[in-house]
Amino acid sequence: MNMNEPLFIISREDWSLHRKGHQDQLRHLEKVKEAIKKNLPDLVSEENIILSKGKDVVKIPIRSLDEYRIRYNYNKNQHIGQGNGDSKVGDVIARDGEPGKGPGKGQGAGDQPGVDYYEAEITVEELEEMLFSEMELPNLQQKQQDEIIVSDIRFNDIRKKGLMGNIDKKRTLLEAIKRNAQNGFKQVQNISEDDLRFKTWEEIVYPHSNAVILAMMDTSGSMGILEKYVARSFFFWMVRFLRTRYEKVEVVFIAHHTEAKEVSEEEFFTKGESGGTICSSAYRKALEIIGERYSPSLYNIYPFHFSDGDNLTSDNERCVKLVKELMGVSNMFCYGEVNQYNRHSTLMSAYKHMNDSKFKYAIIREKGEVYKALTTFFRKEGT
Amino acid sequence: MSEMMKKLERAVDEITEIAKGFGLDFYPMRYEICPADIIYTFGAYGMPTRFSHWSFGKTFHRMKLQYDLGLSKIYELVINSNPCYAFLLEGNSLIQNKMIVAHVLAHCDFFKNNMHFSKTNRNMVESMAATAERLRSYEMKYGKEKVENFLDAVLAIQEHIDPGLTSRQFEWKENEPMPKDKRVSEYHDLWKLEEVKETKEENDELQNNRRFPPRPEKDLLLFIEEFSPNLEEWQRDILTIMREEMLYFWPQIETKIMNEGWASYWHQRIIREMDLTEEETVEFAKLNSGVIQPSPTSINPYYLGLKILEDIEKRWDHPTEEEMRKFNRKPGKGREKIFEVREIENDLSFIRNYLTKELVDEMDMYVFAKQGNDWTITEKTWEYVRDQLVNNKVNGGFPYLLVKDGDYLRNGELYIYHQYETIELDIKYLEKTMPYIYFLWGKSIHMETMIEQRKVLFTYDGKKCHRRFL
């Protein structure tokens, strides 16, 4: 050792620019978001969310963010611990779910098994933000110019001139402090004209169109638990999507078995029915409602129909005819079939030959495919 | 300079003198006082200057959160380097800092004198800063995501090195003849002691059975770096970097109990030599008991290490009649003995050689395991406790893997063998790690291990992981 070198140096530096931990933490959060995005198909059919009516914070296990490595199975290993002097063979020292007391202070992370996966908390709004950013009402057309332009204002800018009522006190004061400090004053002497800062707004204009959704759901006896669940979760997200993204979208709910009737939203999502299936009844009802209330010259019309496809065979031909009629007045017709056993369905076989770009369909075999149906029907142009 | 800093400086001066007087031998010290988020950043990365990766961000976040909630606190961080860097948490009280400085000096003495550290790079702070810079340049050149994906894969197998191979040289040559006995067992190397020259016929026969590698290789990282057919230069460089960092950290992993015990032993002895005020004495007692507090569900290395060292000192200060006769021990050699122990042992040998029946009983140590939903004490026999503790420390506590075949099925596939002792692997984790190895190797990966006393072979072919019993 060099004799001139001191044995020790104590120093204290400015660390404020050292942000590495925070930066990598940010990257980790980004990865959490990505992982949630990848999990969307599962989350969309998550029962908790549908049942909570979208109010809760959901906890999502994110397995893809584990740092996988080859390690021992903690549960099958034998470990060493220490008692207070009176421990006996057979004593229970911890139970699963209530971890034992942590080791002494000053100790690092230790070799305790961590939680098996990283759990992210996410609000339903955040989830919607991610989900809905990929969706839009396709083929939306402008109808009747004067109803379309919606303008809104948004305070998003700071300027030196403005209305006294919109003064930004905090920023004005900061400016005054800065100017005074530059002139060598420790305290604010005065506030000059030049210090004033105002909040200003911007007008945002976005085109908006009138649209109506005709949500038709099969409630016949053949619709089992899964079928109903899938149809409901689809409509649940659809309705939330429309309500958050579009201001002027109306939704009409039609429930049908052998006959169709217009029901309230509440009834639509809760009521169980039974009986046979005649799908044409729903289409006829839809056409009737369009004729009465939603003129195609004023409205973008989107009929959606969810069924298990188990239609009365003799009704199929009529259905095809009515769907064509509906497409004549609509922007698009969407048919979702819940078919978990992949059986040869009657209604779908009739629609197979439908050769129209307005006709869209999705076949759902399991819960996870609700997401697929959503993105099929509401795909953004060009994606 | 503030009053506090002056006081600290005087205290450090005194502590340094006392430590030297006790015979502790350390590098020049650099103490740095830092705010909490800096200490926690260094804690998460293990180093002040390491490369960036999201997993460090995740650890940092968790540690910082625990600090913010008052659940745990790191008081100091010390780096094995010359000069030795020690980071003290801003806001520590003077007595806290006194204890920490004494503690840190003993750590530094350990780094400098324990033989397992003798080959560690003492300029690692600078090395890591340089490699971090290089990784950043790779990110610029090849894209952040590409580098990150590669790091994800390497970090998944980073522990699987051979800490004995510091020179980057395998113990075998590519064309060396196969060993005579093809059944390679864990005691294989013992046979070499009486190996005789092979006859020519045997040699020819072996030529046809050539294996690659000729002997199982433990250093998975080095093996992949040298022989994976589809790595680019920068990727091999990253493997070298990761391996070097693991070689640097390895002695710390395998001397945790000793190192913390040594530091706790000395901070107590050094503080006892100092004049403390009444308040300081009380605060020190509280701090000290916090540090060495035992835990029912794990081993506190500070406590265990300290107890064993104190016991060694006692036994060598006052040897029994029998010990004096049989081993020619002389009384009063306790201090000398623990200095010798700190020089030559690691946790494995330390526990195996010095954990006694009396200590296991006194500390009320036990073995516990899961029975149903309960974690239950299953064994209290002292030898069993000792051996289980040793078992859990083998290979740094990581499963012991060997590359058995780098050209499996004559198709360049990688066959890895888990040397099963008594503990099964975490299957879920194994199946998730295999794709990473596949990514590095570029061809199917096979992993042999044991489940419920049966041999199983896991195979990942780039699409799916399947298993079959052998």
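How buried or exposed is A:Leu174? With a relative accessible area of 46%, A:Leu174 is partly exposed; on this scale buried means under 20%, exposed means over 50%, and partly exposed is in between (1.4 Å probe, protein chains only).

A quick note on all the views: this is a predicted model, where local features need pLDDT of at least 70 and side-chain atom pairs count only at pLDDT 80 or more, while totals for chains, interfaces and linings use all residues. Residues are numbered from 1 along each chain as its sequence is written, chains are lettered from A and ligands numbered from 1 in the order in which they are written, and side-chain values use heavy atoms, with hydrogens and water left out.

**View 1. A nonpolar patch on chain A that includes A:Leu174.** A:Leu174 sits in helix α5 (residues 169–182) of chain A. Helices (H or I, at least four residues) and strands (E, at least two) are DSSP runs, numbered from the N terminus. Together with A:Leu173, A:Ile177, A:Val188 and A:Ile191, A:Leu174 makes a nonpolar surface patch of about 410 Å². Patches are made of residues with over 30% relative accessible area and no salt bridge, with nonpolar side chains (Val, Leu, Ile, Met, Phe, Trp, Tyr) joined within 5 Å and like charges within 9 Å. The areas come from the Shrake-Rupley method with a 1.4 Å probe, and for residues only the protein chains shown count as cover.

**View 2. A salt bridge along helix α5 of chain A.** The side chains of A:Glu175 and A:Lys178 meet at 3.7 Å, N to O. A salt bridge here is a side-chain nitrogen of Lys or Arg within 4 Å of a carboxyl oxygen of Asp or Glu. Because A:Glu175 and A:Lys178 are 3 residues apart in the helix, about one helical turn separates them. A:Glu175 is partly exposed, at 22% relative accessibility.

**View 3. Two salt bridges in chain B, and a network that takes in both chains.** Side chains of opposite charge can pair when their charged atoms come close. B:Lys357 and B:Asp361 do so at 2.9 Å, N to O; they are 4 residues apart in helix α17 (residues 357–362) of chain B, so about one helical turn separates them. B:Lys357 is partly exposed at 38%, and B:Asp361 is partly exposed at 43%. The other pair is B:Arg342 with B:Glu343, at 3.9 Å, N to O. Here B:Arg342 is buried, with a relative accessible area of 5%, whereas B:Glu343 is partly exposed at 39%. As for the network, salt bridges link A:Arg27, A:Glu30, A:Lys31 and A:Glu34 with B:Glu148 and B:Asp152. Over all chains, the whole structure has 47 salt bridges.

**View 4. Strand β3 of chain A paired with strand β4 of chain B.** β3(A) (residues 79–82) and β4(B) (residues 365–371) run antiparallel and share 4 bridges. Two strands pair if DSSP finds at least two bridges between them. A:His79 has B:Phe368 as its bridge partner. Both faces of β3(A) are covered: A:His79 and A:Gly81 are buried on one side, and A:Ile80 and A:Gln82 are buried on the other.

**View 5. A hairpin in chain A.** Strands β9 (residues 249–256) and β10 (residues 260–263) of chain A pair in the antiparallel sense over 4 bridges, with 3 residues between them. A:His256 is partnered by A:Ala260.

**View 6. Helix α19 of chain B, end to end.** The 15 residues of α19(B) (residues 427–441) should span 21 Å, and the end C-alpha atoms are indeed 21 Å apart; the expected span is 1.5 Å times one less than the number of residues. At the N-terminal end, B:Asp426 acts as a cap, with a side-chain oxygen 3.2 Å from the backbone nitrogen of B:Lys428. Buried residues in α19(B) include B:Ile427, B:Leu430, B:Met434 and B:Trp441. Just after the helix, B:Gly442 takes a positive phi of about 90°.

**View 7. Strand β8 of chain B, covered on both sides.** In β8(B) (residues 445–451), 7 of 7 residues are buried. In a regular strand the side chains alternate between the two faces of the sheet. B:Ile445, B:Met447, B:Thr449 and B:Ile451 point one way, and B:His446, B:Glu448 and B:Met450 the other. Strand β7 (residues 413–418) of chain B runs parallel to β8(B), joined by 4 bridges, and B:Leu414 stands opposite B:Ile445.

Notes: A polar contact is a pair of N or O atoms within 3.5 Å; within protein, one must be able to donate a hydrogen and the other to accept it, and residues adjacent in sequence count only if both atoms are side-chain atoms.
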